[in-house]
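Biologist: I am new to this structure and would be grateful for a close look at a single part of it. Please set that part in the context of the rest of the chain.

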Amino acid sequence: MKKLLSFVLLMAIVITLSACNTAPTVKCGAGTRYIDGKCVASNLPNDNEDPNDNEDPDPVQNQAPTITLQGVVYVVNLNESFTMPTCQVTDDTDTDLECQVSGDTVDPSTVATYTITFSTTDSEGLTTEKTYTVSVVDQGNVNAGSIRLKSDKVLVFNLGDSFPMNLHEWFESDLGDVMPGSITHNVLMSADHVLFERGSYTVTVSVGGVSKDFQVLVNDPDINPSEWVTEGVPGIYLNPNKELVFNVNDYMPNWADYFIGYDGTNLLEIPVGNYLHTLLMDADNKLLSEGFAEITVSVGGYQETFIIVILGEGIDRSILTEITEQGLYQNFDTKQFTFNVGDVLPDFSSYYIGHDGDDFIVLYPGMTTHDIVLSADNVMTTPGTYTVSIEVTINHQVYTDTFTVTVN
Ligand SMILES: [Ca+2]
């Protein structure tokens, strides 16, 4: 009854559509068909239909069914769910046609391309097929099965070792050959491929559109990060033999010599990209300006920010090891107090070092005041003797100091 109802409804819609259509309706007589605006004999020599086929006396009138797929997904990420599309069949005469599904069964846990075919056949034997492919792909770097380090290889080296030139031969893949061009990495090495910086590096192997990262460790036999950490206490640790104190024109150091992560059980080597710092450097990675900077180190869900001190070129950094008490300290040893007209105003905050009893504190440009006569672009314009003052509040205690400068 329901089927009959929907058929009646369908007819009503067809009639309505016809009524709305103002174009003249062409009706072709028996034995003819409607082609390019004309009724032509259906048994023309080039007609595909066999005019003598008595089993199909009126092939013109029957149309093959139409398959409509909804929710077609062509790409499925590995291990994500796959839903078959819904298949709807419409036909000029048959109303109860169903989709048959054949072909592959999509397994989202296996990287492959699967072929699925939907087909349907109407009551007069006309068949329609729709075939498409679904690819299960590994778009992340988690396809452990597809690209592997060969079982006899270990990506751990020591300083001074030569980095293997045939590294691609260390890997194997089900996705194709691992070629020399399949490998990219950020391992630091000399021109003759000698490893010279301790650290954790990344080798990326790409085969067949799938990439996978591998960690490369370069160890320094003289450095044992397990001695840096407190057993059972996770976090980011600074090498106790290192100080985050540098001089202007020092090269930025290899942070892997300075930091290690620790999850309470295992050491976590810190990838080179996990050091974020505010150091100003030139193109050669030389430190440009004295003052304070920060470095934020993260690995394995742990993150910590450390203060870096950059002293003027040639300043003995032992000055800082002597400072342990809260206060404002002069850092005058290499500072300039006599200027000439035309000189640019220096950052007087770098003439001081603050300490809160626990750590050094950052002194910002602008914490000082002065009465030097300047042009709009901070150039000294007028000879004279001037006073520079600083006022810093550390743990609610105010520290002040003044000094004089001469402009000639
Ligand atoms: Ca049909």
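Modeller: What follows is an account of one open sheet and a loop beside it in sequence, set against the rest of the protein.

The model is a predicted one. The protein contains 2 helices and 28 strands, and 15% of its 408 residues count as buried. When contacts between residues at least 6 apart in sequence are considered, 54% of them join residues at least 24 apart.

The part chosen here is an open sheet of 4 strands, arranged in the order β16-β21-β20-β19 with mixed pairing. Its edge strands are β16, residues 245–247, and β19, residues 275–277, and each of these pairs on one side only. From one strand to the next, the twist averages 30°. Strand β16 is joined to β21, which covers residues 302–311, by 3 bridges, and these two strands run parallel. Within that pairing, asparagine 247 has leucine 311 of β21 as its bridge partner. As a general matter, side chains in a regular strand alternate between the two faces of the sheet.

Between β16 and β17 (259–262) lies a loop, and methionine 252 is placed in it. Is methionine 252 buried or partly exposed? Methionine 252 has 15 C-beta neighbours inside 10 Å and therefore counts as partly exposed, since 20 or more would be needed for a buried residue and 12 or fewer for an exposed one. Apart from neighbours within four places in sequence, methionine 252 is in contact with Leu279, Met281, Asn285 and Leu287. Lysine 286 is 34 residues from methionine 252 in sequence, yet the two C-alpha atoms are 5.9 Å apart in space.

Another open sheet may be set beside this one. It also has 4 strands, in the order β10-β14-β13-β12, and its pairing is mixed. Strands β10 (156–158) and β12 (183–185) stand at its edges with a single partner strand each, so one side of each has no neighbour in the sheet. Here the twist averages 25° from one strand to the next. Strand β10 runs parallel to β14, residues 210–219, and 3 bridges join them. Asparagine 158 finds its bridge partner in asparagine 219 of β14.

Antiparallel pairing is found elsewhere in the chain. Strand β6 (residues 100–103) runs antiparallel to β7 (residues 112–121), with 4 bridges between them, and serine 102 stands opposite threonine 117 in β7. Strand β7 also pairs with β8 (residues 127–137) in the antiparallel sense, over 10 bridges; there, threonine 113 has serine 135 of β8 as its bridge partner. The hairpin of β7 and β8 has 5 residues between the strands, and glycine 125 in this hairpin takes a positive phi near 90°.

A word on confidence is also in order. The average pLDDT of the protein is 81, and 83% of the residues score at least 70. Confidence is highest in strand β23 (residues 338–339), at 96, and lowest in helix α1 (residues 2–20), at a mean of 40. Over residues 1–25 the pLDDT stays under 50, and the model has 3 contacts beyond four places in sequence for them. The stretch of residues 43–51 likewise has a pLDDT below 50, with 4 contacts in the model beyond near neighbours in sequence. Predicted coordinates should not be read in detail where pLDDT is low.

Methods
Residues numbered from 1 in each chain as written. Predicted model: local features only at pLDDT ≥ 70, side-chain atom pairs only at ≥ 80, totals over all residues. Pairing = 2+ DSSP bridges. Axes fitted to C-alpha atoms, helices over the stretch in contact; angles between N-to-C directions. pLDDT = per-residue confidence, 0-100. Contact = placed C-beta atoms within 7 Å.
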